[in-house]
Amino acid sequence: MGFFAFLILGLIAGAIAKAILPGRQGGGIIITLILGVVGAILGGWIGGMLFGTGINEFFSLSTWLLAIGGAIIVLLVYGMISKRSAR
């Protein structure tokens, strides 16, 4: 997958993860992009370790599920860190 396709995947996966998670997450489009890309990397790594598949093709269902799952994990961690630092 190309670099720009990976950025688009990360942005969309981050936005979907924000929509799935309850509550209000901070951050704008840049934070969503960064967290989504990090989540896609994490999801690809977890998918490679557990299922033997990774993020290979843009239009693959497994790619999207792994990227969204990774973005949800990253958003949960980001939410816990940002709530602690706000206190």
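1. Let me start with Gly-10, which sits in helix H1. Helices here are DSSP runs of H or I with at least four residues, strands are E runs of at least two, and both are numbered from the N terminus. Gly-10 has a relative accessible area of 0%, so it counts as buried; the cut-offs are under 20% for buried, over 50% for exposed and partly exposed in between, with a 1.4 Å probe and protein chains only. If you skip neighbours within four places in sequence, Gly-10 touches Thr-32, Gly-36 and Val-37, where contact means heavy atoms within 4.5 Å. Its C-alpha also lies 7.1 Å from that of Ala-67, although the two residues are 57 apart in sequence.

2. Before going further, the provenance. This is a predicted model, where local features need pLDDT of at least 70, side-chain atom pairs count only at pLDDT 80 or more, and totals for chains, interfaces and linings use all residues. Residues are numbered from 1 along each chain as its sequence is written, and side-chain values use heavy atoms, with hydrogens and water left out.

3. How confident is the predictor? The mean pLDDT over the protein chain is 84, and 92% of the residues score at least 70; pLDDT is the predictor's confidence in each residue, from 0 to 100. Helix H1 (residues 3–20) has the highest confidence, at 88, while helix H3 (residues 61–86) has the lowest, with a mean of 85.

4. On the overall fold, the protein chain has 3 helices and 0 strands, running α-α-α from the N terminus. Its radius of gyration is 13 Å, close to the 12 Å of the globule rule for 87 residues, so the chain is as compact as a globular protein of that length. That radius is taken over C-alpha atoms, and the rule is 2.2 Å times the number of residues to the power 0.38. Along the principal axes, the C-alpha atoms fill a box of roughly 40 × 25 × 20 Å.

5. Now packing and surface. Of the 87 residues in the protein chain, 36% are buried. Take the contacts between residues at least 6 apart in sequence, and 66% of them join residues at least 24 apart. The accessible surface is about 5600 Å², and carbon and sulfur atoms own 73% of it; areas come from the Shrake-Rupley method with a 1.4 Å probe, and for residues only the protein chains shown count as cover.

6. Does the length of H2 look short or as expected? Helix H2 (residues 29–50) has 22 residues, which at 1.5 Å a residue should span 32 Å, and its end C-alpha atoms are 30 Å apart, which agrees. The expected span is 1.5 Å times one less than the number of residues. Which residues of H2 are buried? They are Thr-32, Leu-35, Gly-36, Val-37, Gly-39, Ala-40, Gly-43, Gly-44 and Gly-47. For the spacing, recall that an α-helix has 3.6 residues a turn, so residues three or four places apart point the same way. After H2 comes Gly-52, with a positive phi near 75 degrees.

7. Gly-54 is worth a click too, in the loop between H2 and H3. At a relative accessible area of 16%, Gly-54 is buried. Beyond its neighbours within four places in sequence, Gly-54 is in contact with Gly-44, Thr-63 and Leu-66. Its C-alpha is 30 Å from that of Arg-24, and the two are 30 residues apart in sequence.

8. Aromatics next: the whole structure holds 3 aromatic pairs. Phe-3 and Phe-4 have ring centres 5.6 Å apart and planes at 70 degrees, so they pair edge-to-face. To pair, rings of Phe, Tyr and Trp (its six-membered ring) need centres within 6.5 Å; planes under 30 degrees apart are stacked, over 60 edge-to-face and the rest tilted. Phe-3 is exposed at 59% relative accessibility, and Phe-4 is exposed at 63%. Phe-58 and Phe-59 are edge-to-face as well, with centres 5.0 Å apart and planes at 85 degrees. Here Phe-58 is partly exposed at 21%, whereas Phe-59 is exposed at 77%. Ring pairs join Phe-58, Phe-59 and Trp-64 into a cluster.

9. Last one: Met-80, in helix H3. Its relative accessible area is 48%, so Met-80 is partly exposed. The C-alpha atoms of Met-80 and Phe-4 are 29 Å apart, with their positions 76 residues apart along the chain.
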